[in-house]
Amino acid sequence: MLRFAIKKIFNNKALMLSLFAGILVAILISCTIPVYSAGISHRMLVTQLENYQNENKVSPGAVIISCSLAAFKQETGEGGVVDKFDSSANILNFNYCTDYLNASLFPELYMPEIVKSTSLSTTTMFAGDKRDTNKSNLNEVVLCSNDKLTEGIEIIDGRLPSGTLNDKGFVEVIISKATQSNTKFSVGNVLEVGMLKEDILEEYTDTDLSFEIVGIFDYVSSAVNPIITNDSGNEIYVDYGLFFNELFVKKNLASKATWYFAGDYTKYNLDKIKNTINALDNLNNNLVVWGIAESAATVTPPIDQYQSYFDNVRAINVLLALFYTPILILVVFFIFMLSKFVVENDKNEIAMLNSRGAARKQIVLLYLLQGGLAVVAGILISPLLSLILCRFLGASSGFLEFAQRAPMKIVLSSSAYLFCFFAGVLTILTMLLPVYNAAKIEIVQHKRNRVKSSVLGTVLLGVLTFVCAGVSAYSYYVLVMQQGGLFTAGGSIQPLAYVFLISFFAFVALFFVLLYPLFLKLILLITKKKLSASIYSAFSRISRMEIREKFIAIFLTLTVAIGVFSSISARTLNGNIQSSIRYQYPCDIITDVKYYAPVGSQNQVLRPYLFEDVEGVESTKVTLGNEPSVNTRFGKRLNYNLTFMGITPDEFSSIVEWDDTILPQPLSYYLDLIKNQPEGCIISENTAKVLGNVEVGDTVLIRPDAALRGMSVINSPVLAIVEAWPTYYADVEAVSGENESNFLVVVNNSAIEKISDNLPHQVWMNTDKSIAELKRLTIERGAQNGTSARLENVINGKREVYLGEINPVRQAVNGSLSLGFIAVMLICAIGFIIYWMISIKSRTLQIGTMRALGMSFKNIFSMIMCEECLLCVSSIVLGVGAGILSGVLFAPLLQSAFTQMGQMPPYRIMFQFTDLIKLAIIIIVLLAVSVVAASIMLKRIKAASAIKLGEE
Amino acid sequence: MNAIIKGVDICRQFPSGNKKIQVLNNVNVDFEEKTLTVLKGRSGSGKTTLMNILGTLDRPTSGRVFAFGEDITDLSEGKLDEIRKNNVSFVFQSVALMGTMSAYENVEFMLRIAKKPMDKERILHCLDLVGLSNRVYHMPYQLSGGEQQRVAIARAIVHRPKVIFADEPTAQLDSETSKVIMNMFHRIIEEEGVTVIMTTHDQNMMELADKVYTLDDGKIVSYVDNREGR
């Protein structure tokens, strides 16, 4: 049986190869979902943790616990109740804590260890040089030790201390540069150290040890340094072993312990995240039990980041599932279709086998062996291929756009193999379904069924189409009207979203195969007298679509529709995110400039513009006003929630990056209005309404500075009324949490400066300089201009734009939609080419007959091309239309994925014409390939041989 | 009488690996107008190959073919297409109707190929001639094997060809139906004035033919003119 199956595979190479490709794509996509999701989630977590590090200046993989050993409660320690004041208690507490951290906490962080260290230190003591007879020159010091001291420092003078008392019986120590500078100690000094000043002054020391300074050190510059201390300039470092034995165990001088662990968070094991959270929770609980929760200084990995990670993973998974569902359904349909082609090809053989006594399960087993080989190969290859594919997708910077990025961490998890297995099972079942149906038909019944099936098939098709139409319309209505969007309150996708997508695509495809043949029949009826043999034959064939033609029509319509849908969804998501980021951050830097009068000065605060002619900085002043207000002569006064902007139109135009599709006119139009009429203003729609339905041309009174009275107003004609403006949001969230209206007035700086040129302002700029440099520049220039100036509330727009681009959720969507689009186009190409090859091959007798009847090669070629246009091209065109329609209907539902306050700019459906061009190129290439393939195949058909083959 | 088709010293070889198989070996045949000629012989005797060459579906390795007063041996494909379209017609063993066209449309299709006017009366007359006037709009899968073959015959005559080549037209039919088909051919010859050249194994069919050529191993081994006995 196996040999027979393999022989059949080789006899049907092209078809079986295509089937194998379809199976591989199905399993590969299924396998990629968990792998890609895990990789993106990991990258997302790393990005979040890097942001955490930048903002908090501490490694997110660090655990630091620093506490007083005396603060431990009595219950601590393996020995049960311990007398708190027993000198052994501190040692017990320290050992217990160290063991707990090493055994229970650090391993549970599941991060590769970069460094782990333990520090011990004394309380503040006093030290003086033994040779200094002036005992008043004492310094406050702290004796410290660290078991990884040498990894955190570099000796700049002298040497490292010994681990034992030296020949003179002294404890060798080293000090930092800062300590040297503070205490004036140096290499060679021998110190007496005591708990109290008097101890030394009185020549009594609590310790009978002397400390000799043998080295000066500086700290190693590293993000991860085991010497966790704020250098106060009074630390004296002893070798750890010596400190532990001599100062801690023997003399119980250690009062503070610090445990430090730094893990490589970039290699964090995502599967263990729950373990980590549990371990950190346990630590917090233990700190309470030990009694040091309030006194201990702790730094732990940000649990809330890890916990929000789960929400993000869920969001990615639901988005991936949503976008992959139509594609997986398409791939399954593709496999079913190819399997049906195989069975159609073999139907006579199957019927004959059946008639000769083969059992149904034997026939099914034969095809199971054929397909099973492909599935097994697919399951074996797909996990490895998915690794490569995910690395490739990890570089996605946009829909069908890829950039050089740091590689994503990709790991094959058990989920990937599970997905592979289930996808394999699904493909096998899909593949065997047509075989199972065909296996029960005997040869006589097979011929009889053709009469019944055409009528029954049409009725069934009609019913299915009607049902799909109803389901898709109803689900869309419910999604839009009642449920208000795509996501449930819990953040998962509304199930109806899947129902809508699937039923809509199914409806379009079925509607096409139901009505299109009738349409062609109508054309045929009207034009048949004038049609040539080739065109007539093509119309006749396609208007009476058989199963194979119906399948390919449905397949192509679905494929193209899903491809276009993917591109619209991706562009809409990306475009709106990009737009909203750019709306909020229209240039590199936006910053307030705060001015202060020089100390002791009674003069008015001067606010000169400090960024004129700065090399490497392109800037503009945006005047904020001083409690500005606007009113009409007789109307309401508006002086609350007012976004007041005084701008210099030319500079503003060159600085700001703006999407000109947001407003009815390009931004330059509005800026020109203000430039040409400097007294004029631009107001927002809600401002116009509040002021009493002000219209363009009406005059309003603008007071930029509430402190000035009298004629310090601008009589300003309203030049335009807008609903959007760079950084302007019509709704803002008030302290109460409710939404409040925010009003906008934009005027020309030249009009403001006639009243006052000393008003508070922002600076908007594009520059490559760092914020630190800009801050320094501000201070310098302020001083030059006789004022004290500082940058405050600096908004780094460039960084926000960058973060928006590398946002992992966005990357996940782009990657998955890109993968979906590529997969769809790949199987479209395979399905298309294989259909034409089968179509021509199966009609060898018919074509030979046509040649025998007198049709030339050119006539037959025209017939095939006409069929291709009538069937495939029209399916593709309908698919494009359906894809656009589905995108237009569905993309607004994605709006609920946005959580920004009062989404600005308004959510829009976006579509890039280049995507259609890419699709058109693919289709043209496919058509060209099919033309060439058809031509070659037709040329090979000799009438005489074709007819003889038909007779055989 | 003049031969409407004539083959002179026709040889045909086919390559088979490194060897060449001689399928026809200096065959000389001629066919008169308005006659029914049978080419008989066992399987592999070369009768179908000879018919294909005479019907312009194949070319001889050597020898000449004359049809309708001209040497057609070296004509271009385009010219041969024209001959097949206008002067020659075929009826095949496997019937080979267009599956998506009804009986009427199949017959009409031939007129389209031949670029002749869509004469509905002519089409219905041809279908009536073959006894299918009550099955005009049936699809091929709704017809029996014999009925399908009759549609093929109607298709073969609708455009008034001069010669019909029928390659084992009754091979897949029962004896009664075969007789009906053969009588139909006679009727067509009388009414339409065509020449019919047929291959067959059936001994009964040969008695009804005007002339019989017997082939064996690519050669004409006998020739019988039944008209002399009638």
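Chain B contains 7 helices and 10 strands, where helices (H or I, at least four residues) and strands (E, at least two) are DSSP runs numbered from the N terminus. The model is a predicted one, in which local features need pLDDT of at least 70 and side-chain atom pairs count only at pLDDT 80 or more, while totals for chains, interfaces and linings use all residues. Residues are numbered from 1 along each chain as its sequence is written, chains are lettered from A in the order in which they are written, and side-chain values use heavy atoms, with hydrogens and water left out.

Of the 230 residues of chain B, 57% are buried; buried means under 20% relative accessible area, exposed means over 50%, and partly exposed lies in between, with a 1.4 Å probe and protein chains only. The accessible surface of chain B is about 9700 Å², and carbon and sulfur atoms account for 45% of it. Such areas come from the Shrake-Rupley method with a 1.4 Å probe, and for residues only the protein chains shown count as cover. Among the contacts in chain B with a separation of 6 or more, 69% join residues 24 or more positions apart; a contact means heavy atoms within 4.5 Å.

Chain A has 27 helices and 26 strands. Its 952 residues include 52% that are buried. It exposes about 42200 Å², with 57% supplied by carbon and sulfur atoms. For chain A, residues 24 or more positions apart make up 82% of the contacts with a separation of 6 or more.

The interior can be approached through its nonpolar cores. A nonpolar core is a set of buried Ala, Val, Leu, Ile, Met, Phe, Trp, Tyr and Cys residues joined through side-chain atoms within 4.5 Å. The largest core has 184 residues, and those touching the most other members are F555(A), F890(A), F109(B), I164(B) and F185(B). Helix 9 (residues 303-345) of chain A gives this core its largest share, 18 residues. A second, separate core has 58 residues, including M125(A), V141(A), L143(A) and L191(A).

Within the largest core, F555(A) offers a useful point of entry. Apart from neighbours within four places in sequence, F555(A) is in contact with L330(A), F333(A), F334(A), M337(A), I827(A), C828(A) and G831(A). Of these partners, C828(A) belongs to helix 23 (residues 808-842) of chain A. C828(A) has a relative accessible area of 2% and is therefore buried. Residues up to four places away aside, C828(A) touches F555(A), L556(A), T559(A) and L926(A). Between the C-alpha atoms of C828(A) and L330(A), which are 498 residues apart along the chain, the separation is 9.8 Å.

Where do the buried residues of helix 2 of chain B pack? Helix 2 (residues 77-86) has L80(B), D81(B), I83(B), R84(B) and K85(B) as its buried residues. They pack against helix 24 (844-853) and helix 25 (857-890) of chain A, together with strand 6 and helix 3 (103-113) of chain B. R84(B) and K85(B) are also among the contacts of H159(B), as are M110(B) and L111(B). H159(B) lies in the loop between helix 5 (145-157) and strand 7 of chain B, and its relative accessibility of 1% is why H159(B) counts as buried.

Enclosed space is considered next. On a 1 Å grid over the protein atoms alone, a cavity is a set of points where a 1.4 Å probe fits but cannot get out, and lining residues have an atom within 4 Å of a point. Grid points are joined across faces, edges and corners, and a volume is the space filled by probe spheres set on the points. The count is 5 cavities of 30 Å³ or more, and the largest holds about 80 Å³. Its lining consists of 13 residues, with I947(A), T48(B), N52(B), F92(B) and D167(B) nearest its centre. Helix 27 of chain A provides the largest share of that lining, 4 residues.

Two loop residues of chain A remain. Most residues other than glycine have a negative phi. Y110(A), not a glycine, has a positive phi of about 50 degrees and lies in the loop between helix 3 (87-105) and strand 2 (113-122) of chain A. D613(A) also has a positive phi, near 50 degrees, and is exposed, with a relative accessible area of 70%.

Conventions
On a 1 Å grid over the protein atoms alone, a cavity is a set of points where a 1.4 Å probe fits but cannot get out, and a pocket is an open set with protein on both sides within 12 Å along at least five of seven lines; lining residues have an atom within 4 Å of a point.
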